Amino acid sequence: MDEKTQSAYQEEQQRLEAAKKEIDRQLERLRKVPVYHGTDLTEQALESVRESSRRSLGRAQAEPYFGRLDFHETGQGEPAALYIGKVGVEEEKTGKLMVIDWRAPVASLFYSFSGGRDAAAYESPEGLIEGLVYLKRNLVIRERILQRVVDTYDRETDTASAGDEFLVYRLGENKDNKLRDIVSTIQAEQDRIIRSARNTALIIQGVAGSGKTTVALHRLAYLLYQYRENVRAERMIIFAPNAMFLDYISQVLPELGVGNIQQSTFGEWALDLLGHEVQLEEPAGRLEQWFGLGPDRPAMDDRAPGRIKGSDAFRLWLDRCLAVYEQGCVPEAGFAPWEGLVLPARKVHEWYHVENKHYPLLKRRERVVARIKRWLEMEVDKRLPHERKELKKKASQKLRTYLAGWPEYTPFTFYKELFQQESPFFLAGVPQDLSAGGWPGIAGLAEESRKLFRRKKVQPEDLAPLVHLHAAFYGITGDRLFDHTVLDEAQDFSPFQVALLDRFTKNHSFTILGDLSQGIHAYQGISAWEEFSRLFGEGHAAYFQLERSYRSTMEIIHFANVVLSRGVAGSLLAVPVFRSGSPVRVIGTPKGDREETILGAVRRLTGSGYQTVALIGRTEKECAGLEKLLDREGIAANRIVAGQSRYGGGMSIVPAYLAKGLEFDAVLVLDADETHYSATAPDAKLLYVACTRALHELWVLYTGNPSPLLETEDPEFVSTEQPG
Ligand SMILES: Nc1ncnc2c1ncn2[C@@H]1O[C@H](COP(=O)(O)OP(=O)(O)OP(=O)(O)O)[C@@H](O)[C@H]1O
């Protein structure tokens, strides 16, 4: 350690001792105050403030801060040393900020400043604040002990070289089985997204490992801090592809001190809203259909049911059907409860189409029916008392018949009817362009849907239409509205889903993140982000692109980029952080040696001290075979299957299509031959997903001929030697 570093270390050591003392003292004092359980409202409010302080200080105790920025604000006395941590802490006596919350405006400088003698600036509620940065320092404190002091900028020497070095040090660490917060190393391009204004739909295209999921979670924490008067955690929601992924990311928000944010899959949310009127068809068969091998795989193009039912055109078609229903649902004839009396159709139409126009469809029906009943009662009352009983009986029978011509649909019964060729809505609603071949598969699709609906089952792509109908029939109540909505793996969402969620989200407040290159569910997702941005209308959406990848070593990223570019022309390629590791190993073996090679590779990787290792197969069946193989050798592994809700970590066996979003210290991709991964876009995306799950080490195994997507030539990044 040179002299300068030593003195910096000592200075920080002293400062840390003082900070710990102050935090401990405050916490001790607060813990001594008995917890108030009474009913006095003022006392309750005070208790809630104390409880929140106890929690914050408790979190600050182990790691009070992670960064320091010496900033001299223009026009102010002296440079101030600002310490930045996960929670803000005030010095009790002076009220001075001892630690600044990472989300505070001034802390943004810590992330955006990348060196240079020029003035730096940050946005504050009072306007733009300018000044000079003298020092930017990263501090690693673990369990109250100062472990590292790294200056990433020093004005004296005007150096800003160590920024990446510190990041690379953090990235080089092994991962346990959960995603973690990144507050100490948020990058400037990520920070811009995190701190973007609330009332815009952010669409973030980011390469694999660019921190999209992590950034979205940090953004939630930021919004809760910055707009605490207007947004509530329980009114925010994260939609993720499956329950296991939600489990995998479940640590980040608590680490950031945020609780109570709703987390769901789109399916769960929709089924709940529909009161479980329908059930989802088991996903396994569908996944097998799309991710199986052989010639029966359907084309992932616009003819896929998910693309049709998820399109905006389908939503517009539904709206036309609803309009047809709305126009024609009130019976043509008037209501005649008994001979000589008629409630003219004109009157009922007026009640429905004019007076109650602003109510949702079924609410309107309810109100008009109640009105007819009131009218009837008044008419009965006008008659002689001894006639009334008989007339009432007759009238209710007539009313039943009258209302039978005005059916009370549920979202599902209405939707079901749209798929019947003879339905008036189906015929009246199908737009010309569709029947003229806009949706070539529509007839087959309708037939498939009819079969499924008979069993009261639906596919995922039916859920957005059903919720759309639900909203038209019953409206959207205030308690269903979100202050902010996050869509992770958004490339797998349909335009219909996004347009629908926009109705449930206040002020287009969205964070939509994904990667088109990982769009392996192209049978339901999108092929360009404009499919979403145009839904929000001019000025309501902003687009960001993240190109740097933080997860994997340079060698792995280089290798994965080749896979992608060989299958998908013109795709956005990841730029690695300068972190070098071992070359990717591409190992070809004769068929008879496959099992031995796999076992050898597994033993080598698990013996290398990695905490998480994944064997990524192509199909569910092949993964089951791998599980058996390891089991026979007494090697413990968790096989990941569709629909599971927990992520176990350690050694995993997983089909590539379920590995999306996850990451592992080391990855072994199996069966990367020409049959399993051909030079097509869907296969390239799948193999790209598999390869980009690896942080530090990637091995790719094949028997027979290698996949044409594999790079086997470049010795700088790839080794084809058999491991000794
Ligand atoms: N600024 C950063 N500092 C440290 N680590 C980072 C940073 N940004 C991202 N990472 C790490 O990179 C990895 C990838 O992050 P994340 O899973 O959020 O990326 P992603 O873009 O959602 O990936 P994918 O699309 O491949 O699922 C994680 O381990 C995360 O902690």
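**Briefing: a covered helix, an annotated loop and some helix packing**

Let's start with helix α21, which spans residues 495-504 and is mostly covered, with nine of its ten residues buried. Keep in mind that this is a predicted model. Below you'll find the details of that helix, a binding site taken from UniProt, the cysteines, two helix pairs and one long-range pair of residues.

**Helix α21**
- The buried set in α21 opens with P495, F496, Q497, V498 and A499, and it carries on with L500, L501, D502 and F504.

**The annotated binding site**
- An unreviewed UniProt entry puts a "binding site" feature at G206, V207, A208, G209, S210, G211, K212 and T213.
- Two of these positions, S210 and T213, get a closer look here.
- S210 sits in the loop that links β8 (201-206) to α6 (212-226).
- Is S210 buried or exposed? Its relative accessibility is 0%, so S210 counts as buried.
- Skipping neighbours within four places in sequence, S210 touches Q190, L546, R548, S549 and Y550.
- There's also a polar partner inside the annotated stretch: a polar atom of the S210 side chain lies 2.6 Å from the backbone oxygen of V207.
- T213, for its part, belongs to helix α6.
- With a relative accessible area of 16%, T213 falls under the 20% cut-off and is therefore buried.
- With neighbours within four places in sequence set aside, the contacts of T213 are L179, F245, I249, D488 and L513.

**Cysteines**
- How many disulfides does a search of the whole structure find? The search turns up zero.
- C329 is one cysteine that is in no disulfide, and its nearest cysteine sulfur, on C321, is 14 Å away.
- For a disulfide, the two sulfurs would have to be within 2.5 Å.
- C623 is likewise in no disulfide; for this residue the nearest cysteine sulfur belongs to C691, 15 Å off.
- C329 has 5% relative accessibility, so it counts as buried.
- C623 is buried as well, since its relative accessible area is 0%.

**Helix pair α1 and α2**
- Helix α1 covers residues 3-32 and helix α2 covers residues 41-62; their axes come within 10 Å and cross at roughly 145 degrees.
- The crossing of α1 past α2 is left-handed.
- On the α1 side, the contact is made by I23, D24, Q26, L27, L30 and R31.
- On the α2 side, R50, S53, R54, L57, G58, A60 and Q61 take part.

**Helix pair α9 and α20**
- At what angle do α9 (residues 266-273) and α20 (residues 460-474) pack? The angle is about 35 degrees, and the axes are 10 Å apart.
- This crossing, between α9 and α20, is left-handed too.
- From α9, the residues involved are F266, G267, W269, A270, L271 and L273, and they meet L463, A464, V467 and H470 of α20.

**A long-range pair**
- A304 is placed in the loop between α10 (283-291) and α11 (305-309).
- Its relative accessibility is 3%, so A304 counts as buried.
- Which residue sits 220 places away from A304 in sequence but 7.2 Å away in space, C-alpha to C-alpha? That partner is Q524.

Methods: Residues numbered from 1 in each chain as written. Predicted model: local features only at pLDDT ≥ 70, side-chain atom pairs only at ≥ 80, totals over all residues. Heavy atoms only, no water. UniProt positions renumbered as here; feature names shortened; annotations may be inferred. Helix = DSSP H or I, 4+ residues; strand = E, 2+ residues; numbered from the N terminus. Buried < 20%, exposed > 50% of the residue type's maximum accessible area, 1.4 Å probe, protein only. Contact = heavy atoms within 4.5 Å. Polar contact = N/O pair within 3.5 Å; in protein donor to acceptor, adjacent residues only side chain to side chain. Axes fitted to C-alpha atoms, helices over the stretch in contact; angles between N-to-C directions. Left-handed = near helix turned anticlockwise from the far one by under 90°.
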